[in-house]
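Reader: I am new to reading structures, and I would like to take a careful look at a single part rather than everything at once. Could you choose one residue and describe what lies around it?

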Amino acid sequence: MAEHPIKGLMDTTMEKIRQMVDSNTIIGNPINLADGVTVLPVSKVTFGFASGGSDLPNKATKDLFGGGSGAGVTISPVAFLVVQKDGNVRLMQLSDTSNNIDRALGLMPEMMDKITGLLKKEPKEENDE
């Protein structure tokens, strides 16, 4: 039995979407700055896909098929990951329209670095005294 035309239609559309959206679209290529800092752009990718078709009645022996498909992709930059020379990582959000939970999660790495730094300093100070 021959392959149904809708399969070819869907395969072509999905292949085009794969070409447009890959992991490098979400986490962009690193940008290395002169002072040793590396910046990674982070984007939000949203896409939709629709496909449909119908076999049309025909008195001839050849099957008739009518169909179509479409897709839409939206790529929105949302943040930058900044990797310092010393290994510290900071998330810089582009907009502050997120909710409180998102903001707290964004500050988490910076807070952990500060807490770790404080804990590392305390034993050294006790040994010095």
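Author: The account below turns first to the whole protein and then to one leucine, L64. This is a predicted model, in which local features need pLDDT of at least 70 and side-chain atom pairs count only at pLDDT 80 or more, while totals for chains, interfaces and linings use all residues. Residues are numbered from 1 along each chain as its sequence is written, and side-chain values use heavy atoms, leaving out hydrogens and water.

The protein has an average pLDDT (the predictor's confidence in each residue, from 0 to 100) of 77, and 84% of its residues score at least 70. Confidence is highest in strand β1 (residues 31-32), with a mean of 91, and lowest in helix α3 (residues 100-128), with a mean of 69. Three helices and four strands make up the list of elements, given as DSSP runs (helices H or I, at least four residues; strands E, at least two) numbered from the N terminus, and along the sequence they follow the pattern α-α-β-β-β-β-α.

L64 belongs to strand β3, which covers residues 64-83. With a relative accessible area of 37%, L64 is partly exposed, a class that lies between buried (under 20%) and exposed (over 50%), using a 1.4 Å probe and protein chains only. Apart from neighbours within four places in sequence, L64 has contacts (heavy atoms within 4.5 Å) with S54, D55, L56 and N58. Of these partners, S54 is ten residues from L64 in sequence, and their C-alpha atoms are 8.6 Å apart in space. As for the protein as a whole, 12% of its 129 residues count as buried.
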